[in-house]
Amino acid sequence: MHLETSYPVLPSPVQPLEHPLFKQHGVRVFIKRDDLIHPIISGNKWRKLKGNLAHAKALKKKGVLTFGGAYSNHIHALAYACQQQGLASIGIIRGEEHYQNNYTLRWAKHWGMKFNFVDRTTYRKRHEQGFLDELSNAYPDYLIVPEGGSNSLALSGMAEVMTELSEQQQFDTLMLPVGSGGSIAGLLSSTTRLEANTQSIQRMLGVAVLKNAEYLVNEIEQLVNRQIDSSYETSWQLLTHHHCGGYAKYSAEDANRLADIVELTGVPFEPVYSGKMMLALFDLLEQGYFTEGHTIMLLHTGGLQGIGGQLERNIMPERLAKALQSHLPSAPQVQ
């Protein structure tokens, strides 16, 4: 997916992370900076949209229709990616029309996305086949992409992470935040191929950012399109108790801990996705989860535009806001 002359930055870089707690527990920590792939379509959004937009163009579709909340990273990224690819875009947005003036949707509208605002009851139908059939009939020239971009078309883009890592840095455990499940499913699909070449990793840990996210295990397995057998199941796990209260929720204490991490590492960990991964890592270290000498690879999945919405609503504690404000990506003009 071509976007701008100097992007994408691939493979995304891997860098070591330093923190006193890592030395205390005798572990090495690295991070793969997928947030640096592209300033607008960063992280897993770039990788997941790559296959979906290519498929839309191959089918000669006019555009893409998708779903998201009023501050959705996916909506923001897809609107820009479609504009760059010469595709129209429609967003089925959970919420009221006044949200179109917020930080996220203002840019999506600027890049040409048309909005259809719906209530929560209607939005819950987004996975129902009958509702999707209605949308297909109403918009026959549009490819329908699920919330978060997580479908089979997204897997190959995410699988490339493992291919890149196999040439960058050895590790024992890979950790990443999990929202809709597409990212970890893509990594698992690649792990299947890497295992055949005896390059498998020992463990993959997904940190669910949603409350009551146990249902995602089944959805991840379905996306991988195989029933994970008992021997393979031990190589990955979805951690469901590190959501900090639910999606986009966190306490003042969580914010202070995260500000400490951002200040010490210099890496912009926003509090909705990558920040919860980091807080989970620190909790696991304190619990003695990792043995001494363990090497941990973190995957930064982007989502930095979400900082803008939190700053706009003045809901981010001052210290964390100050630590992250300079990392808010600037949005380009439509070319």
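**Exercise 1. Charges over rings**

Over the ring of which residue does the charged end of Arg 94 sit, and how far is it from the ring centre?

*Solution.* A word on the model before we start: it is predicted, so local features need pLDDT of at least 70 and side-chain atom pairs count only at pLDDT 80 or more, while totals for chains, interfaces and linings use all residues. Residues are numbered from 1 along each chain as its sequence is written, and side-chain values use heavy atoms, with hydrogens and water left out.

Step 1. Take the rule: a charge sits over a ring if NZ of Lys or CZ of Arg is within 6 Å of the ring centre and within 35 degrees of the ring normal.

Step 2. Apply it to Arg 94: its charged end sits over the ring of Tyr 123, 5.2 Å from the centre.

Step 3. Now try Arg 313, whose charged end sits over the ring of Tyr 71 at 3.7 Å from the centre.

**Exercise 2. An aromatic pair**

Describe the pair formed by Tyr 247 and Tyr 273, and place both residues in the chain.

*Solution.* Step 1. A pair of aromatic rings is described by the distance of the centres and the angle of the planes. Rings of Phe, Tyr and Trp (its six-membered ring) pair if their centres lie within 6.5 Å; planes under 30 degrees apart count as stacked, over 60 as edge-to-face and the rest as tilted.

Step 2. This rule gives eight aromatic pairs. In one of them, Tyr 247 and Tyr 273 are 5.8 Å apart centre to centre with 70 degrees between the planes, which is edge-to-face.

Step 3. The pair links distant parts of the chain, 26 residues apart: Tyr 247 is in the loop between β9 (236–239) and α11 (252–265), and Tyr 273 is in the loop between α11 and α12 (274–286). The element names follow DSSP runs, numbered from the N terminus: helices are H or I with at least four residues, strands are E with at least two.

Step 4. For accessibility, buried means under 20% relative accessible area, exposed over 50%, and partly exposed in between (1.4 Å probe, protein chains only). Tyr 247 is partly exposed because its relative accessibility is 39%, whereas Tyr 273 is buried because its value is 18%.

Step 5. Elsewhere, Tyr 80, Trp 107 and Trp 111 form one aromatic cluster.

**Exercise 3. The six-stranded sheet**

Which strands lie at the edges of the open sheet of six strands?

*Solution.* Step 1. Two strands pair if DSSP finds at least two bridges between them.

Step 2. Write down the order, β1-β2-β10-β7-β8-β9, with mixed pairing.

Step 3. The edge strands are β1 (14–17) and β9, each pairing on one side only.

Step 4. Inside the order, β2 (residues 28–33) and β10 (residues 295–300) run parallel and are joined by six bridges. Phe 30 has Met 297 in β10 as its bridge partner.

**Exercise 4. Strand β3 and its partners**

How many residues of β3 are buried, and with which strands does β3 pair in the parallel sense?

*Solution.* Step 1. In β3 (residues 63–69), seven of the seven residues are buried. Both faces are covered, with Gly 63, Leu 65, Phe 67 and Gly 69 on one side and Val 64, Thr 66 and Gly 68 on the other.

Step 2. Seven bridges pair β3 with β4 (residues 88–94) in the parallel sense, and Gly 63 stands opposite Ala 88 in β4.

Step 3. Three bridges pair β3 with β6 (residues 142–144), again in the parallel sense. Here the bridge partner of Gly 63 is Tyr 142.

Step 4. Ile 144 also lies in β6. Ile 144 is partly exposed because its relative accessible area is 22%. Its C-alpha atom is separated from that of Leu 65 by 4.8 Å, although the two residues are 79 apart along the chain.

**Exercise 5. Unusual backbone**

Where is the cis peptide bond, and which phi value does Lys 60 have?

*Solution.* Step 1. Most residues other than glycine have a negative phi, and most peptide bonds are trans.

Step 2. A cis peptide bond joins Leu 10 and Pro 11, with omega about -5 degrees; Pro 11 is in the segment before β1.

Step 3. Lys 60, not a glycine, has a positive phi of about 60 degrees. Lys 60 is in the loop between α2 (44–58) and β3, and is exposed because its relative accessible area is 75%.
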